[in-house]
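Here's a quick tour for anyone meeting this structure for the first time. Have a look at the model, then read on for the main points.

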Amino acid sequence: MKFSRCLKILFVFSIILSLSQSAYCKSFKKLGRYKNVEIDKISYRGIHIIHDSGLATLTGDGFSSEEKKLLEKELKKYQELKEQYAIKQELDEIKSQAEIKEHTQAVSDALEKTSQIESLVEALYILRSVERQCPKATNINQLRTQIGKLEGEKAHRDRAQSEQNRKELFAKVGTTQRDDSLSRSFSSRSSRLKLMPPESVIRASAITDKALFYMKSLKGKLLALEEAAGVKDTYAIRTLISEGYLTQETVSGGHGQTLHVEGGCSIFQTTTNPEINPETKSRFFVLGVDESREQTRRILELQRKAHTLAGLKTNSEIDGIIGKHQTFQRLLEPYAIVNPYADELFYEDDRLQARRDQPKFLQLINTIAFLNQMKKKIKRYEGIEYIEVDRTDINMAAKLASELLGISLDDLSLPARDLLHQLQAMNRKIFTRSEAMAYTGWTKTRLHTHLTELMDMELVIKLTGKQNCLQTYKLLYNGEGQDGRKFCIGFNPVQ
């Protein structure tokens, strides 16, 4: 009986030792005749302990009746803890299996849903969101494969952007013979301009503050600024675009002098800095150059090909094509442009930016008509020769305007894009923050952050903003751009 009692106590201490990594295990101030005891290990010889005076080995004979009762009480507590832990492990396992099943089903639903969505951007947005939210899905690899496939299709579609930019650039450079020419800014690492006749191009890597004021005339010229950072005085550029001329009063040799520079030119500049002065940016058409890996690969192939015999033949053909473009530019006549459909064009007046976008769009229509002048009948009014805009010119301008003046949903953060879709699903053009919070379930801070982002892009505008008054907002977005293309807010080519 005594031996059995000793084994039971040793078993209790084995259990306590097994809990040495948990918060339940504790040291003993006194155990047997030793103080401040910590258990080192258990063996067939007994309990090996560390105490104030050194090391020792205890057996059942070394405990008092009170200490034995204490150990039995600890055993009972451990058994209860063990049962609770087993139940918790079982519940965690059930929960984990349910979570895996839920994640797997969510991935399957997302794959099925996106297979019916035409918009690659929308499909990628859904699949990437599910990938982040369902990492335990058994079919996660199938989801990632589909994401890779859609990303490849999107990259293939984006390659067409370079061709679109070439069309827009041609429309731009063909306007230097008109007084109301277009201005264009390219945001890229590099760009070259060869389509214009050399005599019509003024190239500059940098311009000092007053250089433009001392030029004789810029009419019918293309002012090509190879890097926007080299332009010291952007005010002169903005004035030249807006007013069509530059004027400055100065003093020379003790006498007053008026400097007047006639405008009517196109301005072309490149920059690698995305942070362009907003006042300057609003006067330009801004284009980006394809800097994808695929485009870089094609450029590298052309660079290598240029050193071969085939490259020599290709370069000769390119020179001939450029020569034809330059000759075409020289043949264009500076006819006046009349748009008989101007009153049918419609820009909503909710957005302040419409004040600048509408003149750009009207000038873009005139530019396309100007380039098509050889297909048009020349008319006269009081000795002035002019040509008229037709529907084809307007349709082409509308397509280009979406890229030139439009915005893209890809520019939004994922939470802001999610908020935009929820506001559209709310089916209320006019709403308050409280209504948006109630519908989306978002917190006030989160809603404020991403609603501000939508307002910055003018997808949502504030109708009232007085202090201590209920603030109301208007949703201008109507579901455009789901296919990843740019679109214009509040614009209809024909009313």
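Glu458 is buried, with a relative accessible area of 19%, and that counts as buried because the cut-off is under 20%. You'll find Glu458 in the loop between helix 14 (444-456) and strand 17 (460-462). Keep in mind that this is a predicted model.

**Two buried residues and their company**

- Setting aside neighbours within four places in sequence, Glu458 touches Arg351, Leu352, Gln353, Leu476 and Ile489.
- Thr472 belongs to strand 18, which covers residues 472-475.
- Is Thr472 buried or exposed? Thr472 is buried, its relative accessible area being 17%.
- Again leaving out neighbours within four places, the contacts of Thr472 are Ile430, Phe431, Thr432, Ile461, Lys462, Leu463 and Thr464.

**Helix 12 and its partners**

- Two packed helices are described by the angle between their axes and the distance between the axes.
- Take helix 12 (residues 414-426) and helix 13 (residues 433-440): their axes come within 10 Å and cross at roughly 100°.
- Helix 12 and helix 13 are therefore roughly perpendicular to each other, since angles of 65 to 115 degrees count that way.
- On the helix 12 side, this contact uses Leu419, Gln422, Leu423, Ala425 and Met426, while helix 13 brings Glu435, Ala436, Tyr439 and Thr440.
- Sorted by class, the contact of helix 12 with helix 13 comes out as six nonpolar, two polar and one charged residues.
- Helix 14 meets helix 12 too: the axes of this pair come within 9 Å, crossing at roughly 85°.
- So helix 12 and helix 14 are also roughly perpendicular to each other.
- Which residues meet here? From helix 12 there are Pro415, Ala416, Leu419, Leu420 and Leu423, and from helix 14 there are Leu447, His450, Leu451, Glu453 and Leu454.
- The contact of helix 12 with helix 14 splits into eight nonpolar residues, one polar and one charged.
- Leu419 and Leu423 of helix 12 appear in the contact with helix 13 and also in the contact with helix 14.

**Around helix 6**

- Helix 6 spans residues 234-243, and its buried residues are Ala236, Ile237, Arg238, Thr239 and Leu240.
- What do those buried residues pack against? They pack against strand 7 (222-225), strand 8 (245-252), strand 10 (266-271) and helix 7 (278-281).
- Right after helix 6 comes Gly244, with a positive phi near 85°.

**The chain as a whole**

- The chain has 14 helices and 19 strands.
- It runs to 495 residues, and 40% of them count as buried.
- Among contacts with a separation of 6 or more, 66% join residues 24 or more positions apart.
- About 29600 Å² of the chain is exposed, and carbon and sulfur atoms supply 51% of that area.

**How confident is the prediction?**

- The average pLDDT is 77, and 78% of the residues score at least 70.
- Where is confidence lowest and where is it highest? The low point is helix 1 (residues 2-18), with a mean of 47, and the high point is strand 15 (residues 384-388), at 93.
- Residues 1-7 have a pLDDT below 50, and this stretch has five contacts in the model beyond near neighbours in sequence.
- Residues 184-191 also stay under 50, though the model gives them 37 contacts beyond four places in sequence.

Notes: Residues numbered from 1 in each chain as written. Predicted model: local features only at pLDDT ≥ 70, side-chain atom pairs only at ≥ 80, totals over all residues. Heavy atoms only, no water. Axes fitted to C-alpha atoms, helices over the stretch in contact; angles between N-to-C directions. Helix = DSSP H or I, 4+ residues; strand = E, 2+ residues; numbered from the N terminus. Parallel < 35°, antiparallel > 145°, perpendicular 65-115°, else oblique. Contact = heavy atoms within 4.5 Å. Nonpolar A, V, L, I, M, F, W, Y, C, P; charged D, E, K, R; others polar. Buried < 20%, exposed > 50% of the residue type's maximum accessible area, 1.4 Å probe, protein only. pLDDT = per-residue confidence, 0-100. Areas by Shrake-Rupley, 256 points an atom, 1.4 Å probe, with all protein chains shown as cover.
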